[in-house]
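These are my notebook entries from a session spent looking up how the parts of one model are arranged. I kept to what could be computed from the coordinates.

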Amino acid sequence: MGHFLVVGILVIVMAVLTYVGLDAAGLMPVQASAQAVSIDWLWNWQLVAISFLFSLIVVPLIYSLVVFRRKKGETGDGAHIEGNTPLEIGWTIVPLFIVLAFAYMGAYSLGQTRRVDPTAMVVQVKARQFAWTFEYPELGIVSNELHIPVNKQVVLKMESADVIHSFWVPEFRVKQDVVPGRVTEYRITPTLIGDYKVRCAELCGSSHAYMESPVIVDSQSDYDAWISAQAKIAAEAAKTPEGQGKLLTVRNGCIGCHSLDGSKMTGPTWFNLYGSEVPLADGRTVIADDAFITESILQPKAKEVKGFAPTTMPAYPLTDEEIANIIAYLKTLK
Ligand SMILES: [Cu+2]
């Protein structure tokens with residue numbers, strides 16, 4: 001009995017130390033949403049269970065190795081033990097209840113994260129290789145940054161233009177796949193003002209690792225200011241062809257692959273592109289005029305720019321007017 005008492009105490013001490021260590025390791029980023037509360041609660045109980053089970057295995061193991069090792073001159077066999085029915089019933093029933101308890105806690109936590117606020121604000125999200133676009137349908141705003149007001153539920157209605165992506169902001173905890181041909185929903189009630197980042201959490205192609213966009217949780221007044229500034233920009237842009245062209249490149253996610261400042265991304269930069277000589281993979285060069293740009297948008301595979309993979313750019317079936325607007329915009333980038 002003395003051994004059981006000692007091992008029992010050691011297991012509890014080890015479990016507490018393991019839990020305190022894991023908790024202090026700061027495995028989670030800050031908690032920035034109402035949904036994160038129930039997830040962190042569940043996670044915390046998982047840590048308790050993990051710490052206890054770890055100790056329950058490791059402590060008796062090490063204790064036996066040390067205390068029951070063969071002493072000098074000992075040559076006999078150990079005691080022969082044949083089964084123990086109460087023990088077997090015990091170690092079946094107790095884990096059964098623990099698993100059932102965790103199933104209940106998991107379901108409860110899932111329910112909490114899916115809680116619907118009927119007044120939630122809607123933002124439309126479009127995911128494509130390799131950019132996120134956010135549309136505020138009631139406000140006519142399109143952006144590559146997601147701005148949301150603090151302490152208000154937002155529902156993201158998400159669609160993919162190509163393959164499966166996944167919307168993940170670690171500080172909000174919840175994650176949702178974006179699947180082509182379907183609209184998936186992501187509900188979030190941000191509770192902490194700050195700058196975060198959405199990352200794509202589903203391997204979606206060569207530039208998957210760069211598929212991230214700012215997610216900004218604003219105070220209500222900062223949010224209102226951002227909305228009115230964006231609305232003004234959109235209204236102003238809609239008046240000129242180049243402004244409309246710029247909006248099109250945001251809406252279609254072109255700037256997920258093309259930089260405006262000369263830096264190289266998945267695609268060639270647009271800085272000083274119009275009228276320049278573009279080297280092609282087959283050794284020829286072409287002038288980036290209206291015809292070449294139009295062809296590059298409608299049939300990206302027709303001419304391959306040197307140093308880039310033509311397969312990465314999807315064809316965009318845009319109208320003549322839209323393409324003319326984009327060209328007008330490209331001309332301004334110098
Ligand atoms: Cu992706």
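I began with a helix pair in this predicted model: helix 6 (residues 290-298) and helix 7 (residues 320-331) pack with their axes 10 Å apart and at an angle of about 120°. I had to decide how to class that angle, and since values of 65 to 115 degrees count as roughly perpendicular and those over 145 as roughly antiparallel, helix 6 is therefore oblique to helix 7. For the handedness I noted that helix 6 passes helix 7 in a right-handed crossing. I then listed the residues that make the contact, which are Asp290, Ile293, Thr294 and Ile297 on helix 6, and Ile323, Ile327 and Leu330 on helix 7.

Next I turned to a sheet. I found an open sheet of five strands in the order 4-10-9-6-7, with mixed pairing. Strand 4 (146-149) and strand 7 (175-178) are the edge strands, each pairing on one side only, and the twist from one strand to the next averages 25°. At the strand 7 edge I followed the pairing in detail: strand 6 (residues 165-168) and strand 7 are antiparallel to each other over four bridges, and Ser166 has Asp177 in strand 7 as its bridge partner. Towards the other edge I looked for a helix, and recorded that helix 4 (residues 220-237) lies across strand 4 and strand 10 (212-218), running at about 140° to strand 4.

I then asked myself whether Phe130 is buried or exposed. Phe130 sits in the loop between strand 1 (121-128) and strand 2 (131-136), and I class Phe130 as buried because 23 other C-beta atoms lie within 10 Å, where 20 or more are required. Leaving aside neighbours within four places in sequence, I found Phe130 in contact with Gly205, Ser207, His208, Tyr210, Met211, Gly256, Cys257 and Thr266. Val150, by contrast, is 20 residues from Phe130 along the chain, and the C-alpha atoms of the two are separated by 27 Å.

Last, I took the protein as a whole, and counted seven helices and twelve strands. The C-alpha trace spans about 95 × 55 × 30 Å along its principal axes, and the radius of gyration is 29 Å, whereas a compact globule of 334 residues would have one near 20 Å. Buried residues make up 19% of the 334 residues. Of the contacts with a separation of 6 or more, I noted that 66% are between residues 24 or more positions apart.

Definitions and conventions: Residues are numbered from 1 along each chain as its sequence is written. This is a predicted model: local features need pLDDT of at least 70, side-chain atom pairs count only at pLDDT 80 or more; totals for chains, interfaces and linings use all residues. Two strands pair if DSSP finds at least two bridges between them. Helices (H or I, at least four residues) and strands (E, at least two) are DSSP runs, numbered from the N terminus. Axes are lines fitted to C-alpha atoms, for helices over the stretch in contact, and angles run from 0 to 180 degrees between N-to-C directions. Two residues are in contact if their C-beta atoms, placed from the backbone, lie within 7 Å. The radius of gyration is taken over C-alpha atoms; the globule rule is 2.2 Å times the number of residues to the power 0.38. A residue is buried if 20 or more other C-beta atoms lie within 10 Å of its own, exposed if 12 or fewer, and partly exposed in between; C-beta atoms are placed from the backbone. Angles under 35 degrees count as roughly parallel, over 145 as roughly antiparallel, 65 to 115 as roughly perpendicular and the rest as oblique. A crossing is left-handed if the near helix is turned anticlockwise from the far one by less than a right angle, and right-handed if clockwise.
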